[in-house]
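Trainee: I am new to this structure and would like a close look at a single part of it. Could you take one helix and follow it into its surroundings?

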Amino acid sequence: MAAAAAASLQQTPVTFQHPSPSELHSKPPPRLALTSTLKTPKLTIKPLRRCHRGSGGATMSNTASGSYASALADVARNNNTLDKTFADVEKIVSIFSDDSVLRFFANPTIGDAEKRGVVEEIARSSALQPHVANFLNILVEMKRMDLVREIAKEFETVYNDLTKTEVAVVTSVVKLESQHLAQIARGVQKLTGARNVRIRTAIDPGLVAGFTIRYGNSGSKLIDMSVKKQLDEIAAQLELGDIQLAV
């Protein structure tokens, strides 16, 4: 099984022209040259400053993480696998949410060969595309696995921009029904004009009842439909200060 996985990883070799890890901390990330046997023979990526949606092109931060994410997105676009690559990145986020996994790859006493073996196992068990598995191997080689979570966040940013997707975080006291979430998604789509809306949910008992919706650039816009807000407004009008209202 491991041999088959290793063979599949070699189908789309990807290489970066990149400075040493110490240089990354001493100056802004330089240009990256990404080569692949995918449809495009060579892609050159310049780190871009983050901008608001609609300024043209994908938004991306001027960091090493942004440069790696941009390179991965370019490969996915040219291979026509952007959605599948996003799904793979979400799998990687889930795996690396375990701190012990991140510590394993950050451990300098563990050799690259052993780390690549674990990457092969991750690729096999999670059914990652070859170019995504190769990307993880590149991070191992460049001693940049410590950036994997940041890279995933940057990749989501560029993916959302390219696909005109709005992310809305819905926070409620209890889990909302799927039909209610779908209704909220339609409302956010109408407000923003986004082509797609992706809903994420969170639970907060402190809201008492109702829900809040955060969307926009870095969650800058808030719709507060919670009972807590209504109680706070009543308390403010009556100048009750810190008096607790029973519900």
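Mentor: What follows is a walk along helix α4 and into the core around it.

This is a predicted model, in which local features need pLDDT of at least 70 and side-chain atom pairs count only at pLDDT 80 or more, while totals for chains, interfaces and linings use all residues. Residues are numbered from 1 along each chain as its sequence is written, and side-chain values use heavy atoms, with hydrogens and water left out.

Helices (H or I, at least four residues) and strands (E, at least two) are DSSP runs, numbered from the N terminus. Helix α4 covers residues 82-96, which is 15 residues, and from its first C-alpha to its last it reaches 21 Å, close to the 21 Å expected at 1.5 Å a residue; that expected span is 1.5 Å times one less than the number of residues.

Some residues of this helix are buried (under 20% relative accessible area) and some exposed (over 50%), with partly exposed in between, using a 1.4 Å probe and protein chains only. The buried residues of α4 are L82, T85, F86, D88, V89, I92 and F96. Seen down the axis of α4, these buried residues fall within an arc of 160°, so they line one face of the helix; the arc is that of the directions from the helix axis to the C-beta atoms. An α-helix has 3.6 residues a turn, so residues three or four places apart point the same way. On the other side of α4, D83 and K84 are exposed.

The buried residues of α4 are covered by elements that include α3 (64-78), α5 (99-106), α7 (130-141), α8 (148-162) and the strand β5 (196-203). One contact, meaning heavy atoms within 4.5 Å, can be followed from V148, which touches I92 and F96 as well as L102, L136 and L139, not counting residues up to four places away in sequence.

A nonpolar core is a set of buried Ala, Val, Leu, Ile, Met, Phe, Trp, Tyr and Cys residues joined through side-chain atoms within 4.5 Å. The largest such core has 33 residues, and those with the most contacts inside it are L136, L139, M145, V148 and F155. Helix α4 is one of the elements that each supply at least two residues of this core, alongside α3, α5, α6 (112-126), α7 and α8, and α7 gives the most, with seven residues. Apart from this core lies another, of seven residues, among them A168, L181, I184 and Y215.
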